[in-house]
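Q: Please take a close look at a single part of this structure and describe in connected prose how that part is placed against its surroundings. I am a first-year student, so a careful, step-by-step account would help me.

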Amino acid sequence: MQISSRFSIGVHILSLLAIRPQDHHTSEWLAGSVGTNPVVIRRVLGHLKKAGLVNVKAGSGGATPAKELDEITLLDVYRAVDVVEADHLFHMHEQPNPACPVGANIEQVLRLMMVKAQAAMEGVLAAVTMRELVDVLAREIEEKRAANG
């Protein structure tokens, strides 16, 4: 099972808003960079807006960050775009055989490991701000620009 691409799309959108602030950030323009349909961008922007991470203008369109990048963590983006159902990254298989010793006990044992793994991942995402990510991204862009002349 994979985490929804809405997370990486949300990070991509926020990165574009920061790196190219002079551009008119319509869903069509953003979709061109992300490589997806503008409808997908509008859905993700809706999630980001609802979470208070972006402002979106009606009519002519255009999105802008609603907060400073150092106030937005990757965990904020992760949570904003509803990446996981019911706040559970991992799901248990249904109806293990209760007559089997493993089937009768696997859920309670495995669930503890799953909760720890999700907490660790969320801790890593909470420790990285969009400012840190965009700074690394900007350096990468500049290095490639310099290498290509």
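A: In this predicted model, helix 1 passes helix 6 in a crossing that is right-handed. The axes of these two helices, helix 1 and helix 6, come within 10 Å and cross at roughly 70 degrees. Angles from 65 to 115 degrees count as roughly perpendicular, and helix 1 and helix 6 are therefore roughly perpendicular to each other. On the side of helix 1, the residues that make this contact are Val11, Leu14, Ser15, Ala18 and Ile19, while helix 6 contributes Met130, Leu133, Val134, Leu137, Ala138 and Ile141. Sorted by class, the contact of helix 1 with helix 6 has 10 nonpolar residues, 1 polar residue and no charged ones.

Helix 6 covers residues 130-147, and two salt bridges can be followed along this helix. In one of them, the side chains of Arg131 and Asp135 meet at 3.5 Å, counted from N to O. Both Arg131 and Asp135 lie in helix 6, 4 residues apart, which is about one turn of the helix. Arg131 has a relative accessible area of 33% and is therefore partly exposed, and Asp135, with a relative accessible area of 34%, is partly exposed as well. In the other, the side chains of Lys144 and Glu140 meet in a salt bridge of 3.7 Å, again from N to O. Because Lys144 and Glu140 are 4 residues apart in helix 6, they are separated by about one helical turn. Glu140 has 38% relative accessibility, so this residue counts as partly exposed. As a general point, side chains of opposite charge can pair when their charged atoms come close. The count of salt bridges in the model comes to 7, and among them is the one in which the side chains of Arg20 and Asp23 meet, at 2.7 Å from N to O. Arg20 counts as partly exposed, because its relative accessibility is 37%.

We can now return to helix 1, residues 6-19, and turn to helix 2, residues 27-34, whose axis comes within 10 Å of the axis of helix 1 and crosses it at roughly 115 degrees. Helix 1 and helix 2 are therefore roughly perpendicular to each other, and their crossing is right-handed. In this contact helix 1 takes part through Ile9, His12, Ile13, Leu16 and Leu17, and helix 2 through Trp29, Leu30, Ser33 and Val34. The residues of the contact of helix 1 with helix 2 divide into 7 nonpolar and 2 polar, with no charged residue.

Helix 3, residues 38-50, is another partner of helix 1, for the axes of helix 1 and helix 3 come within 10 Å and cross at roughly 80 degrees. That angle makes helix 1 roughly perpendicular to helix 3. Here the contact is made by Arg6, Ile9, Gly10 and Ile13 of helix 1, together with Val40, Ile41, Val44, Leu45, His47 and Leu48 of helix 3. By class, the contact of helix 1 with helix 3 has 7 nonpolar residues, 2 polar residues and 1 charged residue. Ile9 and Ile13 of helix 1 take part in the contact with helix 2, and Ile9 and Ile13 also appear in the contact with helix 3.

Two residues help to place helix 2 in its setting. Glu28 has its place in helix 2, and because its relative accessibility is 49%, Glu28 counts as partly exposed. Leaving aside its neighbours within four places in sequence, Glu28 is in contact with Pro38 and Arg42. The C-alpha atoms of Glu28 and Gly61 are separated by 9.6 Å, although these residues are 33 residues apart along the chain. Asn37, in turn, lies in the loop between helix 2 and helix 3, and with 42% relative accessibility Asn37 counts as partly exposed. Between the C-alpha atoms of Asn37 and Glu142, which are 105 residues apart along the chain, the separation is 28 Å.

Terms used:
Residues numbered from 1 in each chain as written. Heavy atoms only, no water. Axes fitted to C-alpha atoms, helices over the stretch in contact; angles between N-to-C directions. Parallel < 35°, antiparallel > 145°, perpendicular 65-115°, else oblique. Left-handed = near helix turned anticlockwise from the far one by under 90°. Contact = heavy atoms within 4.5 Å. Nonpolar A, V, L, I, M, F, W, Y, C, P; charged D, E, K, R; others polar. Salt bridge = Lys/Arg side-chain N within 4 Å of Asp/Glu carboxyl O. Buried < 20%, exposed > 50% of the residue type's maximum accessible area, 1.4 Å probe, protein only.
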